[in-house]
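Student: Could you take me through the empty space in this model, starting with the place where the ligand is? I'd like one connected walk rather than a list.

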Amino acid sequence: MRYEGPIYRPPSEAHSLLIQATVGCPHNRCTFCLPYKKGPRYKVRDLAEIKADLQTARDVYGEKVRTLFFPAGNTIAMKTDDLCEICRFSRKVFPRLERITVYGSSQYIVKKKPQGLKQLAAAGLSRIHVGLESGDDVILKRIRKGTNSEEQIQAGRWVMEAGIELSAYVILGIGGKERTNPHAVKTAEVINQITPDFLRLRTFVPKINTPLLEEIQNGSFQMLGPHEVLQETRMLLKGINASTYLTSDHYTNYINLEGQLPDDTPGLLERIDAALNRDESIFRPHFVGTE
Ligand code: SF4
């Protein structure tokens, strides 16, 4: 198997086979995002190379592979027919495969249209990890996400309607002190409109060599402290009435919250309140993420 550039995968893909189908990210403009800022530029790998890597993995691991993740940043942006072809090939070489997953931003998902997403589902693509980050259009514009809440709702609904699982990511604190309330309220509204299978929380940690770190350093962006992040989380959860499975499967979060929303919401709010009663000094310090 050959890899090029940074290889990132969500924690939920820790046990998945990683076969690179694309390199870099075609958007690569989000102000908080580090991985591909120094390149390499986005490209789709040659289909024959991807298949050769899948075949190598088959030779090494036999049939035992159950989950497969195609990095990198926005593999959904591949041509639909090509992504379908490698999904079908994967299912052929790994007949016990239970899941094939990619990262995909809403602006690339909507280009597939419902028909393309249904084609992908039929070819065996079973889950898409989508970084919503926020449902607030002001924040989405500031962080240069390249999409807006309306498009995110459309993309999410089409994914769900195609029968593909949707894993949606939200970054706590990404609106800073100025937008914490609209971030929580608008993000809950978007989640309610989409009803993703999974809602995964991350807490904003500035990364070196990113525009958002520069905004912090020049004073134009004020980060939230631990209690403010917890208050924001509280507001977010209170606003969600959709049925979705919440996880906090990331090192950046101040507390671990996991459960089925909205049934588990009261218990999760109690846990947040208990954490709010503790001194801020017990939480991890602010830190700047490195490469
Ligand atoms: S779309 Fe994803 S990978 Fe690309 S720049 Fe934004 S956060 Fe980073």
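Here is a walk from the ligand site to the enclosed cavities, and then to some backbone details.

Tutor: Sure, and keep in mind that this is a predicted model. Let's begin with the ligand, which sits in the largest pocket. That pocket holds about 940 Å³ of space. Its lining is made up of 36 residues, and those nearest the centre are Tyr8, Phe32, Cys33, Pro35 and Tyr103. Strands S6 (127-133) and S7 (165-172), along with S8, each give two or more residues to this lining. S6 has the largest share, with four residues. Sorted by class, the pocket lining comes to 17 nonpolar, twelve polar and seven charged residues.

Now zoom in on the ligand itself. The residues around it include a stretch of the chain with Cys25, Asn28, Arg29, Cys30, Phe32, Cys33 and Tyr36. Asn74, Ser105 and Lys145 are also around the ligand. You'll recognise Phe32 and Cys33 from the list of residues nearest the pocket centre. The shell around the ligand breaks down into five nonpolar, three polar and two charged residues.

From the open pocket, let's move to the enclosed space. How many cavities of 30 Å³ or more does the structure hold? There are two of them. The largest cavity contains about 60 Å³ of space, and the second largest has a volume of about 50 Å³.

Around the largest cavity you'll find Leu172, Leu201, Thr203, Val229, Leu230, Thr233, Ser248, Asn253, Tyr254, Ile255 and Leu257. Two elements supply two or more residues each to this lining, namely strand S8 (198-203) and helix H8 (226-239). H8 gives the most, with three residues. In class terms the lining has seven nonpolar residues, four polar ones and no charged ones.

The second largest cavity is lined by Leu172, Gly173, Thr203, Phe204, Met223, Leu224, Val229 and Tyr254. If you put the two lists side by side, Leu172, Thr203, Val229 and Tyr254 appear in both. Here the lining divides into six nonpolar and two polar residues, again with no charged residue.

Next, have a look at the backbone. Back in S6, the strand with the largest share of the pocket lining, sits Glu133. This residue has a positive phi of about 70° although it isn't a glycine. Is Glu133 buried or exposed? Its relative accessible area is 7%, under the 20% cut-off, so Glu133 counts as buried.

Arg144 also has a positive phi without being a glycine, with a value near 55°. Arg144 is in the loop between helix H4 (137-142) and helix H5 (149-161). Its relative accessible area is 34%, which falls between 20% and 50%, so Arg144 is partly exposed.

There are cis peptide bonds to check too. One joins Gly39 and Pro40, with omega at about 0°, and Pro40 lies in the loop between strand S2 (22-23) and strand S3 (43-44). Another runs from Pro71 to Ala72, with omega near 20°. Ala72 is in the loop between strand S4 (67-70) and H2.

That brings us to H2 itself, where Arg88 is found (residues 80-93). Arg88 is partly exposed, at a relative accessible area of 49%. Arg88 and Leu120 are 32 residues apart in sequence, yet their C-alpha atoms are 9.4 Å apart in space.

Conventions: Residues numbered from 1 in each chain as written. Predicted model: local features only at pLDDT ≥ 70, side-chain atom pairs only at ≥ 80, totals over all residues. Heavy atoms only, no water. Near = heavy atom within 4 Å. 1 Å grid on protein atoms, 1.4 Å probe; cavity = no way out; pocket = protein on both sides within 12 Å on 5 of 7 lines; lining within 4 Å. Sits in = over half its atoms within 2 Å of the grid points. Nonpolar A, V, L, I, M, F, W, Y, C, P; charged D, E, K, R; others polar. Buried < 20%, exposed > 50% of the residue type's maximum accessible area, 1.4 Å probe, protein only. Points joined across faces, edges and corners; volume = space filled by probe spheres on them.
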